[in-house]
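Here are a few notes to help you find your way around. Please keep the viewer open and follow along point by point.

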Amino acid sequence: PELVTVAKRLAAARDSGAARVLMMGAHVLRSGLQPYLKDLMTKGYISQIALNGAGVIHDFELALIGATTESVARYIQHGQFGLWLETGRINDIVAAGNDQGLGLGEAMGQAIATRDYPFKDLSLLATAWELGIPVTVHICIGQDIIHEHPNFDGGAFGSASYRDFLIYTAGLESLEGGVVMNLGSAVMAPEVYLKALAMVRNVAAQEGRAIRSFTTLVCD
């Protein structure tokens with residue numbers, strides 16, 4: 001029943017221009033829910049998206065080969081888990097994007113949307129880039145398979161992900177009357193959200209404003 005209430009408040013937030021924030025764990029994309037999310041984005045019900053690092057990996061692999069996921073139990077035995085050359089191309093895209101001053105999400109979305117990926121229609125990142133919807137990526141170094149690769153640049157990823165944190169936080173400045181949704185993220189979403197909310201409330205208080213009336217939905 002709560003989803004009906006959230007839907008109505010999303011519509012109201014869209015009409016007023018308040019933030020409509022979607023934070024997600026990677027399994028939302030791994031499960032193939034992109035068509036539903038892209039529909040919401042196209043209709044204006046989502047103004048920004050936050051992902052963890054694994055979300056980018058699933059999105060990229062789907063755009064490249066139309067599939068994602070591997071058998072951890074099988075490949076970990078032979079030291080092959082996560083070490084596919086194709087997935088490691090993400091590292092080069094992020095490093096090049098960071099050199100251009102792009103956030104991690106924007107760099108990936110731009111690359112997928114503008115290059116020859118056979119299944120780019122499956123990419124949430126590409127759709128967001130085309131619609132001008134910020135996708136921020138909040139990584140934990142050592143947590144994702146692409147960190148195993150020799151072309152991983154920790155400095156570039158740290159810089160790009162920090163840039164994304166600031167982009168995400170800026171989006172929360174219009175949270176009054178808005179909606180924040182967390183789908184399937186037990187660590188990244190709540191932790192990043194709390195720090196960003198503290199920052200925007202601190203600034204709002206200095207300006208004589210308040211960020212208090214908004215809706216949150218947690219599905220985890």
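**Notes on helix 1 and the cavity**

1. In this predicted model, a good starting place is helix 1, where the buried residues are Val6, Leu10 and Ala13. They sit on the same side of helix 1 because the arc they cover around the axis is only 65 degrees.

2. Now see what that buried side meets. The buried residues of helix 1 pack against three strands: strand 1 (20–24), strand 4 (179–183) and strand 5 (215–219).

3. Turn the view around to find the other face. Pointing away from the buried side of helix 1 are the exposed residues Val4, Lys8, Asp15 and Ser16.

4. Next, the helix from end to end. Helix 1 runs over residues 2–16, 15 residues in total, and its first and last C-alpha atoms lie 21 Å apart, close to the 21 Å expected at 1.5 Å a residue. After helix 1 comes Gly17, with a positive phi near 85 degrees.

5. How many cavities of 30 Å³ or more does the structure hold? There is one, and the volume of the largest cavity is about 40 Å³.

6. Finally, look at the walls of that space. The largest cavity is lined by Gly53, Val56, Ile57, Ile90, Leu104, Val137, Ile139, Asp144, Ile146 and Phe157. Helix 4 (residues 53–65) gives the largest share of this lining, with three residues. By type, the lining has eight nonpolar residues, one polar and one charged.

Methods. Residues numbered from 1 in each chain as written. Predicted model: local features only at pLDDT ≥ 70, side-chain atom pairs only at ≥ 80, totals over all residues. Heavy atoms only, no water. Helix = DSSP H or I, 4+ residues; strand = E, 2+ residues; numbered from the N terminus. Expected span 1.5 Å × (residues − 1). Buried < 20%, exposed > 50% of the residue type's maximum accessible area, 1.4 Å probe, protein only. Arc of directions from axis to C-beta. Contact = heavy atoms within 4.5 Å. 1 Å grid on protein atoms, 1.4 Å probe; cavity = no way out; pocket = protein on both sides within 12 Å on 5 of 7 lines; lining within 4 Å. Points joined across faces, edges and corners; volume = space filled by probe spheres on them. Nonpolar A, V, L, I, M, F, W, Y, C, P; charged D, E, K, R; others polar.
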